[in-house]
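Work through the exercises below with the sequence and the structure in view. Try each one before reading its solution.

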Amino acid sequence: MTASANAVTTPATGTDRALIVLEDGTVQTGRAYGARGTTVGEVVFNTGMTGYQETLTDPSYHRQIVVMTAPHIGNTGVNDEDPESGKIWVAGYVVRDAARRASSWRARRTLDEELAAQGVVGISDVDTRALTRHLRELGVMRAGIFSGDALVRDGYPRTVEDLVAEVKAAPAMAGADLAREVSTDEAYVVEPFEGSTPDGEPVATVVAVDLGIKSMTPQRLAQRGVRVHVVPASTTIEQIEAYAPDGVFFSNGPGDPGAATHEVELLRGVLDRGTPFFGICFGNQILGRALGYGTYKLAYGHRGINQPVMDRRTGKVEVTAHNHGFAVDAPLDGESVAPHDGGRYGRVVVSHVGLNDQVVEGLECLDLPAFSVQYHPEAAAGPHDAAYLFDRFVELMASRRSEGSEAADQNIKES
Amino acid sequence: MPRRTDISSVLVIGSGPIVIGQACEFDYSGTQACRVLKEEGLRVVLVNSNPATIMTDPEFADATYVEPITTEVLTSIIAKERPDALLPTLGGQTALNAAIALDEAGVLAEYGVELIGANIAAIQKGEDRQQFKDVVEKCGGESARSLIVHTVEEAVAAAGDLGYPMVVRPSFTMGGLGSGFAYDEEELRRIVGQGLHYSPVTEVLLEESILGWKEYELELMRDKNDNVVVVCSIENVDPVGVHTGDSITVAPALTLTDREYQKLRDIGIAVIREVGVDTGGCNIQFAVDPDTGRVIVIEMNPRVSRSSALASKATGFPIAKIAAKLAVGYTLDEIPNDITQVTPASFEPTLDYVVVKVPRFAFEKFPAADPTLTTTMKSVGEAMALGRNFTEALGKALRSIDKGGAVFHWDGEPVSGAELDDLLVRIARPTENRIIGVQQALRAGASVEQVFEATKIDPWYLDQIQLVNEVAAAVADAPALTHDVLREAKKHGLSDAQVARLRGMGPAGEATVREVRYALGVRPVYKTVDTCAAEFAARTPYHYSSYDLETEVAPREREAVIILGSGPNRIGQGIEFDYSCVHAALTLRERYETIMVNCNPETVSTDYDTSDRLYFEPLTFEDVLEVYQAELAAGPVKGIIVQLGGQTPLALAQRLADAGLPILGTSPEAIDAAEDRGEFGRVLVEAGLPAPAFGTARSLDEAKDVAAGIGYPVLVRPSYVLGGRGMEIVYSAEQLTGYVERALAAAAAEDRTAGTLPAPLLIDRFLDDAMEIDVDALYDGTELFLGGVMEHIEEAGIHSGDSACVLPPVSLSEQEIERIRRSTEAIAKGVGVRGLLNVQYALVSDVLYVLEANPRASRTVPFVSKATGTSLAKAAARVMAGESIAALRAAGVLPAEGDGGTLPLDAPIAVKEAVLPFKRFRTADGTVVDTVLGPEMRSTGEVMGFDRDFPHAFAKSQAAAFGGLPTSGRVFVSVADRDKRSIVFPVKRLAELGFEILATDGTSSVLRRNGIASRVVRKFSAGRGADGEPTIVDLITAGEVDMVINTPSGQGARADGYEIRAATTAADKPIATTVDQLAAAVQGIEAVLAGPFAVASLQEHMAGEGLTAGVAPAAPERVGA
C-alpha cells in the first residue's frame, strides 16, 4: 500500500476567523475548525497526547468544550475502530494546530471533515496553553466558540459583550442532570468474546447501567467472558432484577452527581440486594452518594491519561486515564462507616487516591460486594495499568456466586 | 519507604572520553547522580578518565579519581575505598561493561560491593540478542526474524533464509558500532567480519530487513515496587535504517493513534519487567510497519542512554537524577516532581509543545568517508529545539545546527524535469542534509507521495515541510510584509534571515525584517517546560520561545547575567566549552540571576538545575537578541557572556554589541584584534614578540607569492576557523595550487570565475621540529594569572586539540616559563583581555614564536583546572563580571599566591591525550579513513593521566584512551627518512624490553647498522610474496603486531603509510605517527612494566598526599571500554 492509499487530504479550508469567548470576558481569535456556527458549554482542558478520537466520542464530555493541550490534533485522522460511542459528544473543540493531512494506515477521513460532518464547532490556532493556565487558575467556566455567520448580527460584527452575554445564558454544569441525555434508548447485549469463556457459557452476567458508557467498557468485560446487558439510565431495579445478574455496573457519564437522584436510588436498590457492584467515574460518584458521602466540583477537574493513582491495597502506583470534574468527599484515611441511613451499608475505605492532589479515586465497601473507581480502567484513550479492576469485578462475582451456592446448600440442610 | 540505610558509600563509574555514540550526555547524567547521592548523605567515589567533565570537579564527589576505567585500576580503587555499592547505569556502555568485567573477575564479590540500579542478569538479558528475543516473545511482542552467528560462513548460509538486504548487529557494542546493511554476499562478508571483531563475544545478529518502517523509542523507568512509567516517546523522522543518534527525532510521537501507542507502552512495560531492570531507566526501540501497523521490538538499553538525556531535556523529567534516587531505595511516588514540586514523579509527562532533535555531523573532517547514514552512528553532536508546533521546532532546530546548508532555503529556481528525478533518487539515500533535499523536492513540485516513496518519511511530516514551503511562498509573494504574513512565517519557524532572503532584501535585509516585525508587534513569547501541559504551576523557569499569545517570563529584581552556551557538539567545540559555561553559571549565581541560553540537549549547561533560568534556544543573533529583550523586560541585565562557549557565541559578539547589548569581559573589538592577522601582528610588534612570517592571499597568484616569500613548508588555512578546519601543511607550489583550487571549487560561482576566495587565506611559515606550547591565562587589566603551561608531546603542526600534552611542562626551564609569562601578559595587555586568554607558542632553537592567541575559554580550561586544582572558568566568569584577580585570590577562588606557572617540583604530572574517531568513518569500499594527524582537528574527546611522573601519567593516559600500551610482543617500525636518526634510541630500548622488531627494508638497514636486530617484512605496495608471504598490512590485520610506529613522509606517495595506519586502527592497536609519540610510548611501556598503576583521588592530589599503590588484579586484565 502506498502513501496515497493511506493518506486522506483535507481540501483547503480557507482561513475564516473564529472566536473563543469565556464567560469572564477572555477572548482569543483563531481559525474556524470543523463546523461553522455557535456552540456554548463548559470549557475544560484535556492533557492527553494521544486519543483525540476516543475523547471526542466519550459521552462524559457532553455539553463541554474541550481544549486539547497537545498542540497537533488530527494527525492520524479518523478511523472506524476507535470511537467510544456512536457520535462526537463534545460541544466544541479547541486545538492549536489542526492536521491538514491524516497519516495512518487506519485513517478513513480527516478529523476536520468528521467534525464538520457531525456539526461540531471548533477553533484552531489559539494559544491553548494560555487558555489552560487561565482555567487552572480561575477554574472551569462557560465559554462559546463562534465562527462564520455566528460572528455577525444584522450585518455588523458582534461585540464581545454580546458574545459574552450569549455564553452566560448557557446553563452551568453544577446541578445538571445529563445522564439521560446521553444514555442508550434501548437495552442491548454485548456477548463474551470468542474464546474468552472455558465452556462457551458466559462466566457471569452483568447489567451495565449506561450513564454515558464508553464502548470499551463492556468490551473489557466481554474479553473476560462476561455477558453484558447495557441498559438505559432510566432502568428500574425491577428491570435489573429481571436479568438475574451476577453483578451490576454503573458507567461514567456527564453532569453533576448531586443531581442524579434516580441513579442513587437505583444503586441503593442494588446494594440492598447484595448484588456485586462495580462503578467507574460517574458510577463512583453515585456509589459515594448512595453510601451517604457528598460530592463536590473540582476547580478544573482531571482530564488526561497520565494521572498517578495509588491502589492502597497493594501500595502500587498506576498511571491512569481521567475525565472527571466532580469528586467524592470521603475520609481519606482508614475505615469509615457509610453515613447513609445510620450506617446500614457498613464500613467503607478509600481504596484509590490520586497522588497529584489527594483526591478520592476509588471506594471499597468492606461489608458489601461493592467497589468503584473515579478514573477509567477501560482506558480508551489511555494506559492499561488499571485493567486488573475488571478482573477484580469478575472475581468478586465468582466468589459471591460460590458463597451464594454454599449458602443455598446451607439452607437446604437447615430446612 | 525511604532510602536504604545499609549503604553508606557508592562507587560511580563515568563514561570516559567523549566518543561518537557516547558523549557528554553521560556527564549530564553522572553529574546529576553524584549530586543526588551526595544530597542523600552518601560518600561518593567517582571514577572517570575524562577531565573535561563537570562530574569530575572535586566538589561533586567525595573522592574523584581521574584514572583509566580498566578492571585493574577499578580494582585498586575498590580495594582502597571499599565502597558498599557500585552504580554502573549512568556511565553509558563503558560503565556497564566495566561493571560486568569487575563482576566476572570476582572483584565485586571479593570486596563485597553490591551492584545497584542494575543486575548482571538483566544486563545480559537486555544486551544479549538471543536472550532479548526470548524476552520479547514472552512479552507478547515480535522481533525481526533473525539468526545469531559466530563466523562469516554461518552468516553467508543464513542469507538463504533471511534474504537481502540483511541487518548485521554485533553484540555488546555501543552506538551501533560495526553494524550495517548488507545488500549482497560481498558486503555481508565484510560487515560480518568487522562485526565479529568489534563484538567482545565474537557474535553478530543477522536480521530480516525492516528498512523504511516507522521508528519509535520509549524511555521507561521502574522502581523497586515494580511501578513503571513511560517518561517520553520519541519518533524518528528518518525511518528504520538510520541510527537513532543520526536521525532527526521528534518528541512526543506524533503519528500514532492511542491504540498503537498503548500497544508500544504495554510491550515496553512487559519487557522492562521481564528483563528485570531493578530500578532505573531503560530505553526500548520499536519499528512499526507503516502499511499494517505490525510492531517489532528492535532493542533495549538497560541503562541511562543518549535518548534518556534527550527525553529528560524534552520533558523536564530528569531521568538520571531519579534513577539515582531509585537505586538507593526510593520509589517513584516518594520522589517529588522537580518542576511542580507538589506532584510526585510517579506519573508520565505530557507535553504541550513539540521537540525536534537534529544531529550534527563532521564529514568535512573526513573527506574520504562515505557520508551515507546507516545503523552505525556517525554524528558528533546534536541540537534540540522546542516549539509550539512541529514546523516551529524544526526551523529552530535546523538553525541551531550552526552550519552552512543546514536550513531550508528557497534560493534560485526550483529544480525541474530530470534534475527533480535525480533529486528524488538522491534523497532516497539518507545523508547529512537529506531534509533539505526533501524540502527542495517538495518545493520543486514533487508530491508528498513521491517523496514518501523515495524516503519513507511519514507523509504527515512531509506535509508539514510542504506547509513551510507554502508559507515561504506566501512570504515571497506578499505585496508587503504585513502582520499576518510575518506572524504566519514566524509561527512556522522561519527566521528573520530566511524571510529577508525570500523577499530578496539583500545583506541588510535581516535587520529590516526585524524592524518591520517589531513595528508590527510580531514578537515571540516564552513558554515553560513543565512536565504537565500547564495542569500544575511550574516552579522551574525552563523556557522556550514560540510565536504565541502569552509569555511566562517572570519579573525579577536581581540583576541578571546571560551566558551563551556553545550549541551542538562538534569536533573542535565540545564539552570543554560547556564546562566553562556551567562554571560561570554556578559561580555567578551567588551574586546574579544566571540565565543560560543553549540548544544542546546533551550538556550539563542545559540542565535546569545549573542556572536560575534556562532558555532552550538556538544560538543565532535573532534568537539571542529576543531572549535578551525578554529578560530586559523582566528586570535589570548586567550583561552577556560570550567568551566561554567557543566560536558560536563569539561569532555573535560584534553584532550583539552593535545592537547595544552589554558584552561582559573582553570586548568584541579586542576579540577581533586577536583574530585579525594585521591587527594582532601590530600587537606583537609593539610587545617585541616574534611570530612566524605570514601573509594573506585572496587568489592563487597572491598565495604563491606569499608562500615563496616565506619559504616552504607553509601552513595554509582560511581565516576565522576553530578546530583547524581546512588547515594544511603545504610543502610545494604544486600542493598549494591544489589547495587553492579546492577552496575555489567550494566558493560561490562569481568568486570562482573571478578566481578570488571569499575570505582571505592565511599563510604561515611552518615551524618544522618546533615544540608547541599551549597557555591558558586569566587577565583582569592589571594582573595576569597563568593558569597552566602545557607542553605538547607531538611537535608543532598537529592541531593542539589532537596533540597529547603534559602539564606542568616536563622539559621547560624556569626561565622559559618566565618568558612565556611575560609574553602572555604583553599579549593580554595589548589585545585588551578581560577574562580568559589562550596562547599557542612554538619554541624553536630558543626562539619563542607566538602562533596564535584566542581571548576566550579554550578547550584546555577544564584540563588545566583539574591538573592544577584551580577553577579557571569560575575565576574567569567573576573577572568578566568585574572582580579583580587580587580580590579572587583574597576570596579563595584563586590561590593566595603563585599560579599555574609556579607549580612546585613535586606537583603531580597530568597528561592529556586525545581520542580519535577514525574507526567510525569508512570509505565507500569499507576501509577505515586515514588516521594520520595534522593541523586539522579530528578528535572527539580527551582523557587525563595523572601520576607522580611523566612516564606513569603518559601510560595512564594511553590506558584510558586506547586500552593501554603493550608490554610484550611485536613492534613494527617504518618511518620517513628524516626521522630515521631519531628512532634509533627508542627502538633499541624496545628491543631491550623484549619486543620483537619488524621493519621495512629501509628502516631495517638503519636499525641493523645501529646494532638493533629486526625482521624485514614486505611492504604493502610490494604485494604478497611468491609463496604467499604476508605484507605488513596482512600481519597487522591478523593481529600479529602489537604496536606500530609509522611516521608519514611529508609528500609524495603515501599509500603504504595509509594502508598501515588504517589497518592498525581497524585492528585496535596503538600507533605512533611521530617520533615524540614513540619516545613517550617507550617511557610509558617502562612504567607499565613496573607494576600496577598507583591511584589517587583529585582530593588527595590537592591535599598534597601521595598515591596509593595499585593492587594486582586477581583475574586477567580486561579493559572496561
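**Exercise 1.** Which residues does Leu767(B) touch, not counting residues up to four places away in sequence?

*Solution.* This is a predicted model, where local features need pLDDT of at least 70, side-chain atom pairs count only at pLDDT 80 or more, and totals for chains, interfaces and linings use all residues. Residues are numbered from 1 along each chain as its sequence is written, while chains are lettered from A and ligands numbered from 1 in the order in which they are written.
Contact means C-beta atoms, placed from the backbone, within 7 Å. Leu767(B) touches Pro692(B), Ala796(B), Ala842(B), Val844(B) and Tyr849(B).

**Exercise 2.** Is Arg765(B) buried or exposed, or partly exposed? Settle the matter for Leu767(B) too.

*Solution.* Apply the cut-offs: buried means 20 or more other C-beta atoms within 10 Å, exposed 12 or fewer, partly exposed in between. Arg765(B) has 19, so it is partly exposed. Leu767(B) has 21 such neighbours inside 10 Å, so it is buried.
Now place them. Arg765(B) lies in strand 26 (a DSSP run of E, at least two residues; helices are runs of H or I, at least four). Leu767(B) sits in the loop between strand 26 and strand 27 of chain B.
UniProt, in an unreviewed entry, lists both under "binding site"; such annotations may be inferred rather than shown by experiment.

**Exercise 3.** How many residues does each chain give to the contact?

*Solution.* Chain B gives 51 residues and chain A gives 48. Helix 9 of chain B supplies the largest share of chain B's side, six residues.

Terms used: Contact = placed C-beta atoms within 7 Å.
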